[in-house]
Amino acid sequence: MKTLLIAFLITLAPALVANAQDSRIQMAGLDHLATKASQTVDVNIDERLMRMAAKLFSDKDEDERQVKALIANLKGIYVKSFEFDTGGQYAAADVETIRTQLRGPGWTRLVNVTSKREGMLEVYLLFNADKVGGLAVLHTDDKQLTIVNIVGPVDLDKLAKLEGQLGVPELGIEQQKPKAKNDDEK
């Protein structure tokens with residue numbers, strides 16, 4: 001009976017570990033692109049570093065306090081970005097390795113923008129029941145490939161505060177500003 005229980009746990013363990021890591025996109029398969037890129041950004045902030053980074057933000061400044069609160073429950077922020085001097089330096093298969101992961105259970109594509117001038121932008125959310133458990137942004141164009149992966153509970157209303165912080169690039173998320181009373185009267 002004990003052997004059967006151990007065998008069952010050994011069989012079940014990979015599934016439990018995989019569930020915990022589902023929101024982390026594996027990007028190591030893109031490392032070969034660094035030799036072709038004119039600029040490479042590689043950000044790896046795991047949960048331990050996230051806690052350390054939170055200490056750098058002041059409680060006295062309102063914006064910093066909000067960023068600190070936002071990252072308090074995150075498990076990690078991971079960014080890979082490659083800029084190339086000429087087009088055609090990465091293959092469709094490179095991008096497909098990321099998209100395949102984003103087609104996994106729980107992931108939902110929220111945004112898909114295609115522009116001949118600016119490339120393609122895709123935003124995915126990982127839902128755990130009715131809560132957002134992760135976010136991934138994929139941006140591709142002829143001369144750039146960027147993946148941003150935020151692991152952990154994401155408050156979409158506060159996400160714009162992370163832009164330009166901790167290696168997260170400007171994503172173009174606009175914050176809704178409350179209307180002044182005079183705006184309604186115009």
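In what order do the six strands of the open sheet lie? In this predicted model, in which local features need pLDDT of at least 70 and side-chain atom pairs count only at pLDDT 80 or more, totals for chains, interfaces and linings use all residues. Residues are numbered from 1 along each chain as its sequence is written, and side-chain values use heavy atoms, with hydrogens and water left out. The open sheet has the order β1-β2-β6-β5-β4-β3, with antiparallel pairing, where two strands pair if DSSP finds at least two bridges between them. Its edge strands, each pairing on one side only, are β1 (39-46) and β3 (107-115). Direction ignored, neighbouring strands of this sheet are turned by 5° against each other on average, axes being lines fitted to C-alpha atoms, for helices over the stretch in contact, with angles from 0 to 180 degrees between N-to-C directions.

Helix α2 (residues 47-56) packs on this sheet, where it touches β1 and β2 (76-83), and its direction makes about 90° with that of β1. Helix α4 (residues 92-102) also packs on the sheet, touching β3, β4, β5 and β6 (144-151), with a direction at about 160° to that of β5. Along the sequence, the five helices and six strands follow the pattern α-β-α-α-β-α-β-β-β-β-α; helices (H or I, at least four residues) and strands (E, at least two) are DSSP runs, numbered from the N terminus.

Two hairpins occur in the run from β3 to β5. A hairpin joins β3 to β4 through three residues, and these strands pair in the antiparallel sense over eight bridges, with Val 123 in β4 as the bridge partner of Val 111. Strands β4 (residues 119-128) and β5 (residues 131-141) pair in the antiparallel sense over nine bridges; Glu 122 stands opposite Leu 138 in β5, and Phe 127 has Val 132 in β5 as its bridge partner. Two residues lie between β4 and β5 in their hairpin, and Ala 129 in the turn has a positive phi of about 60°.

Of the 186 residues of the protein, 33% count as buried (under 20% relative accessible area, with exposed over 50% and partly exposed in between; 1.4 Å probe, protein chains only). The largest nonpolar core (a set of buried Ala, Val, Leu, Ile, Met, Phe, Trp, Tyr and Cys residues joined through side-chain atoms within 4.5 Å) has 20 residues, of which Ile 98 and Leu 145 touch the most other members. To this core, β2, α4, β4, β5 and β6 each supply at least two residues. Not counting residues up to four places away in sequence, Ile 98 touches Ile 25, Gln 26, Met 27, Leu 30, Leu 138 and Ile 147, contact meaning heavy atoms within 4.5 Å. A second, separate core of 18 residues includes Leu 74, Val 123, Val 132 and Leu 135.

Rings of Phe, Tyr and Trp (its six-membered ring) pair if their centres lie within 6.5 Å, planes under 30 degrees apart counting as stacked, over 60 as edge-to-face and the rest as tilted; by this rule the count comes to two aromatic pairs. The rings of Phe 82 and Phe 84 are stacked because their centres are 6.4 Å apart and their planes stand at 20°. Phe 84 and Tyr 90 form a tilted pair, at 5.9 Å centre to centre and 35° between the planes. Phe 82, Phe 84 and Tyr 90 form one aromatic cluster; Phe 82 is buried with a relative accessible area of 1%, and both Phe 84 and Tyr 90 are buried.
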